[in-house]
Amino acid sequence: MSFRRSGSARSCRDAAVAAETKSAPVTLREATAHAIARLPDTAAYQALRDQVAAQRRASRGPFIGPPVVRSDVLVRSGGFTEQEAAVSAAIRWPGEGRSQRLAADRSGDAVDATLDEARLIVAGDVRAAWWALALSRAIVTVERAQIGFAETEVAQVGRLVGAGEQSRRDLLMAQGERGTAQARLSVAETDLANALSAYEALIGAPPEDFPAEAQARQPDLDLHPLVRAASARSAAAESRAGALRFGNRPRIEASVGVRRERTDPLGDYYSSLML
């Protein structure tokens, strides 16, 4: 399997999900796509991308979070009454929104790179399970053929012993070789059962035949999914740290309100604007 720099990890996910709906894979490429579709990383990918998009939306505008509305009424003896209503919101520092959007973008890059990393790892697991099962099947086929050869030899030697042309010792040796072949077959069948269980747990039902594997071009080391995932996570952490530095500064709030007051219960209210 070849892995290129992913400009569209989402398209890889869609292809993997489509592969999940198909029948049992018949090629190594299909088996890999089938296993990728079953990854927890694939299932969580869209939710993580939506989270990144929400972080970008939240970083826009001059204010942080929704505005806060408050109102107060103060009544004192003598008829003094004071009413206040105000709306306030925290103001972003210059460059804070841009820093938060950069952190969101790099978090998105880390999400994509992490999915590619998981795809690479599962591709290696699938390839190992694929060829382990193919090898186990081939070994069982060979060992069963060896049993047939051993049975034929025992029958031939038995007839020669009966005719007096070979000794009893030759028959015992042929029977011993048959027993050894049967023991090897038993071990091979056990290995085949283990390989089949590992394959089914990772991919599902195996194909009847295993076609030859297409050799992939060796990717550039800088574009290797493991290297890109590590670099993307490092860049995302650095950007988050940069965005969090704004949170350590004293926060300025913008507030707009109206105050109404009167000193006589029968008098008029006097209004003033509060900033």
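**Exercise 1.** Is aspartate 105 buried, partly exposed or exposed, and what is its relative accessibility?

*Solution.* Keep in mind that you're working with a predicted model. Start with the number: aspartate 105 has 34% relative accessibility. Next, bring in the cut-offs: buried means under 20%, exposed means over 50%, and partly exposed is in between. Aspartate 105 therefore counts as partly exposed.

**Exercise 2.** Find the salt-bridge partner of aspartate 105 and say where the two residues sit.

*Solution.* First, look for the partner: aspartate 105 forms a salt bridge with arginine 56, and their closest N and O atoms are 2.7 Å apart. Then place them: aspartate 105 belongs to helix H4 and arginine 56 to helix H3, so the pair links distant parts of the chain, 49 residues apart. Finally, check the partner's exposure: arginine 56 is partly exposed too, at 24% relative accessibility.

**Exercise 3.** Work out which helices the salt bridge between aspartate 112 and arginine 49 links, and whether aspartate 112 is buried or exposed.

*Solution.* Begin with the contact: these two side chains meet at 3.5 Å, N to O. Now the helices: aspartate 112 is in helix H4 (residues 96–162), while arginine 49 is in helix H3 (residues 40–58), 63 residues apart. Last step: aspartate 112 has a relative accessible area of 14%, which is under 20%, so aspartate 112 is buried.

**Exercise 4.** Describe the salt bridge between arginine 144 and glutamate 189.

*Solution.* The N to O distance is 3.4 Å. Arginine 144 lies in helix H4 and glutamate 189 in helix H5 (residues 168–202), 45 residues apart. As for exposure, arginine 144 is partly exposed at 49%, and glutamate 189 is partly exposed at 35%.

Technical notes
Residues are numbered from 1 along each chain as its sequence is written. This is a predicted model: local features need pLDDT of at least 70, side-chain atom pairs count only at pLDDT 80 or more; totals for chains, interfaces and linings use all residues. Side-chain values use heavy atoms; hydrogens and water are left out. A salt bridge is a side-chain nitrogen of Lys or Arg within 4 Å of a carboxyl oxygen of Asp or Glu. Helices (H or I, at least four residues) and strands (E, at least two) are DSSP runs, numbered from the N terminus. Buried means under 20% relative accessible area, exposed over 50%, partly exposed in between (1.4 Å probe, protein chains only).
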